[in-house]
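Here is a friendly walk through one protein model, written for someone who likes to see the cut-offs next to the values. Have a look at the structure, then read on.

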Amino acid sequence: MDIFLQQVINGVTLGGVYAIVALGYTMVYGILQLINLAHGQVVMIGAMVAFTVISSLAAAGMPPLAVLLLGTAAAIPVCMAIGYAMERLAYRPLRHAPRLAALITAIGVSIILQHLAMVVFSRNVLAFPQIIRINTYAIGGASITSVQIAIIGVCVAMMGGLAFLVYKTRLGTAMRATAQNPQVAGLMGIDINRVIAFTFVIGAALAAVAGVLYGTYYGVAQYTMGSLLGLKAFSAAVLGGIG
């Protein structure tokens, strides 16, 4: 029973990260009917950028929480810019092309991002600096760490924030209208291109935070980490009903 409870805690922690990544897949697919296979690489870049910032600031004597927040704050705009560039340069010109062309483009973008990360950040496995003190708490014979609690809390907060955005804001209404019928949404005065670009940007921001959480949880980051992580998150999105 202790082992089962421990695996449940581990599964909920890691499953929360996968859920955040899967939301990026579902948002894009819901609006464009496009499987953005490069999304996992955006997660990887978020982890790499955060690692670079955290490693640079770790020796400066700053509070560990501030260092981690600054690393996340640096990763988010970088990933948002990549998400916007992907939509604007790679996917928008192929919006009315056959689905296979967009799928092949997504694979190409994934390969490009992966190899750019290899050139910029090196091909070695990068170890996240252990700047945060990890406390362990006992729960019914199992244990949960402060990092796991923080990851679960952040994932729940982000999912709640996204739900509020989608169902309680004008942008969310425009996103739902575009997903339901882009042509009619355009006739109603909705800027379809802007809504789609925002969708990619929001998904990329979620991916950046997921990359930081994943790197913090495992303590490592590598330029190939996005492929398997993206595949697992895509499987979760499919099981959850991606469309």
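In which loop is Gln33 found? Gln33 sits in the loop between helix H1 (2–32) and helix H2 (39–58); helices here are DSSP runs of H or I with at least four residues, strands are E runs of at least two, and both are numbered from the N terminus.

Before going further, a word on the ground rules: this is a predicted model, in which local features need pLDDT of at least 70 and side-chain atom pairs count only at pLDDT 80 or more, while totals for chains, interfaces and linings use all residues. Residues are numbered from 1 along each chain as its sequence is written, and side-chain values use heavy atoms, with hydrogens and water left out.

**Backbone and loops**

Gln33 has a phi near 55°, a positive value in a residue other than glycine. Its relative accessibility is 32%, so Gln33 counts as partly exposed; buried means under 20% relative accessible area, exposed means over 50%, and partly exposed lies in between (1.4 Å probe, protein chains only). Ser122 also has a positive phi in a residue other than glycine, here near 80°. This serine belongs to the loop between H4 and strand S1 (126–127), and Ser122 counts as partly exposed because its relative accessibility is 25%.

**Salt bridges**

The structure holds two salt bridges, each defined as a side-chain nitrogen of Lys or Arg within 4 Å of a carboxyl oxygen of Asp or Glu. Here they are side by side:

| Salt bridge | N to O distance |
|---|---|
| Arg92 and Glu87 | 2.9 Å |
| Arg95 and Glu87 | 2.6 Å |

Glu87, Arg92 and Arg95 are thus linked in a network of salt bridges. How accessible are the partners? Glu87 has 0% relative accessibility and therefore counts as buried, and Arg92 is buried too. Arg95, at 25% relative accessibility, counts as partly exposed.

**Pocket and cavity**

Rolling a probe the size of a water molecule over the atoms shows where empty space is left. The search runs on a 1 Å grid over the protein atoms alone: a cavity is a set of points where a 1.4 Å probe fits but cannot get out, and a pocket is an open set with protein on both sides within 12 Å along at least five of seven lines; lining residues have an atom within 4 Å of a point. Grid points are joined across faces, edges and corners, and a volume is the space filled by probe spheres set on the points.

The largest pocket holds about 490 Å³ of space. Of the 22 residues that line the largest pocket, the closest to its centre are Leu32, Gln33, Leu34, Arg95 and Arg99. Gln33, from the loop described above, and Arg95, from the salt-bridge network, are therefore both among these central residues. H1, H4, helix H6 (170–180), helix H7 (182–187) and H8 each supply at least two residues of the pocket lining, and the largest share, four residues, comes from H4.By the cavity rule, the count comes to one cavity of 30 Å³ or more, and about 40 Å³ of space lies in the largest cavity. Its lining is made up of Gly24, Val28, Asn36, His39, Val42, Gly83, Met86, Phe200, Gly203 and Ala204. H1, H2, helix H3 (64–91) and helix H8 (192–218) each supply at least two residues of that lining, with the largest share, three residues, coming from H8.

**Surface patch**

Leu37, Leu100, Leu103, Ile104, Ile107 and Ile111 make a nonpolar surface patch of about 500 Å². Patches are made of residues with over 30% relative accessible area and no salt bridge, with like charges joined within 9 Å and nonpolar side chains (Val, Leu, Ile, Met, Phe, Trp, Tyr) joined within 5 Å. The areas come from the Shrake-Rupley method with a 1.4 Å probe, and for residues only the protein chains shown count as cover. Of the patch members, Ile104 lies in helix H4 (residues 99–121).

**Cysteines and a long-range pair**

How many disulfides does the count come to? The count is zero, where a disulfide is a pair of cysteine sulfur atoms within 2.5 Å. Cys79 is in no disulfide, as the nearest cysteine sulfur, that of Cys155, is 15 Å away. Cys79 counts as buried because its relative accessibility is 0%, and Cys155 counts as buried at 1%.

Finally, Thr13 is found in helix H1 and, at 1% relative accessibility, counts as buried. Thr13 and Tyr217 are 204 residues apart in sequence, while their C-alpha atoms are 9.0 Å apart in space.
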